[in-house]
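Please find below a colleague's note on the structure you sent for comment. It is arranged as numbered points, to be read beside the sequence and the model.

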Amino acid sequence: MWVSMTLSLPRQPSSVTRARHVLTTLLSLTDAAEDSRGHLAVLITEACANAVMHADPGSTVDITITIDDDLCLLEVGNRGSTPNGAGLDAELPAPLTVGGRGLPLIAALADTAAFVAGPPDRVLLRITKQLSDVRTSPIR
């Protein structure tokens, strides 16, 4: 099965929830295991929350979700700049620090995750996750 959807959502917190709901709805059409679905829900939540938080005011959060058989590709973009010194290889902050865990969490849960080159005023985070673990259904 192949399905792809592109969303352009306003830069507001409710867009994070909307993106996660669209992703979980698309994943419900697949045989992806619950743990893969859960990881992807966290991945899109963290990526979209970062985009909402760090995007330029008045911009949108652009999301592409592509499911191709056993692979899910998420692309989350916005108008802004790529994080300086706090990329996907960033260390976790001190335990009592507020924030700063999104990118390390994305790096830990994704099969691949990287900021990819685009126009100078755009940030695009590309995430892939295998869906090869299929859920088991009882034989009836």
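The points below take up the sheet, then the hairpin, and then the helices.

1. Status of the model. The structure under discussion is a predicted model, and the remarks that follow should be read accordingly.

2. Overall sheet. Five strands make up an open sheet, in the order β1-β2-β3-β5-β4, with antiparallel pairing. β1 (residues 2-10) and β4 are the edge strands, each of them pairing on one side only. From one strand to the next, the twist averages 15°.

3. Pairing of β3 with β5. Strand β3 (residues 71-79) runs antiparallel to β5 and is joined to β5 by nine bridges. Within this pairing, leucine 73 has threonine 128 of β5 as its bridge partner, and leucine 74 is partnered by isoleucine 127.

4. Pairing of β4 with β5. These two strands are also antiparallel, with five bridges between them. Threonine 112 lies opposite threonine 128 of β5. Threonine 128 is thus a point to inspect on both sides, as the bridge partner of leucine 73 and as the residue facing threonine 112.

5. The hairpin loop. β4 and β5 form a hairpin, with five residues between the strands. Proline 119 is located in this loop. Is proline 119 buried or partly exposed? Its relative accessibility is 47%, so proline 119 counts as partly exposed, given that the partly exposed class lies between 20% and 50%. Proline 119 and arginine 79 are separated by 40 residues in sequence, and their C-alpha atoms are 9.4 Å apart.

6. Packing of α1 against α2. Helix α1 (residues 14-27) packs with helix α2 (residues 34-54) at about 155°, and the axes are 9 Å apart. The two helices are therefore roughly antiparallel, as the angle is over 145 degrees. The crossing of α1 past α2 is right-handed.

7. Composition of that contact. On α1, the contributing residues are Val16, Ala19, Arg20, Leu23 and Leu27; on α2, they are Arg37, Leu40, Ala41, Ile44, Thr45, Cys48, Ala49 and Val52. By class, the contact residues comprise ten nonpolar, one polar and two charged.

8. Helix α3. In α3 (residues 102-109), the buried residues include Gly102, Leu103, Pro104, Ile106 and Leu109. Among the elements covering the buried residues of α3 are α2, β4 (residues 112-116) and β5 (residues 122-130). β4 and β5, the strands of the hairpin, thus also take part in covering α3.

Terms used
Residues are numbered from 1 along each chain as its sequence is written. This is a predicted model: local features need pLDDT of at least 70, side-chain atom pairs count only at pLDDT 80 or more; totals for chains, interfaces and linings use all residues. Side-chain values use heavy atoms; hydrogens and water are left out. Axes are lines fitted to C-alpha atoms, for helices over the stretch in contact, and angles run from 0 to 180 degrees between N-to-C directions. Helices (H or I, at least four residues) and strands (E, at least two) are DSSP runs, numbered from the N terminus. Angles under 35 degrees count as roughly parallel, over 145 as roughly antiparallel, 65 to 115 as roughly perpendicular and the rest as oblique. A crossing is left-handed if the near helix is turned anticlockwise from the far one by less than a right angle, and right-handed if clockwise. Contact means heavy atoms within 4.5 Å. Ala, Val, Leu, Ile, Met, Phe, Trp, Tyr, Cys and Pro count as nonpolar, Asp, Glu, Lys and Arg as charged, and the others, Gly among them, as polar. Buried means under 20% relative accessible area, exposed over 50%, partly exposed in between (1.4 Å probe, protein chains only). Two strands pair if DSSP finds at least two bridges between them.
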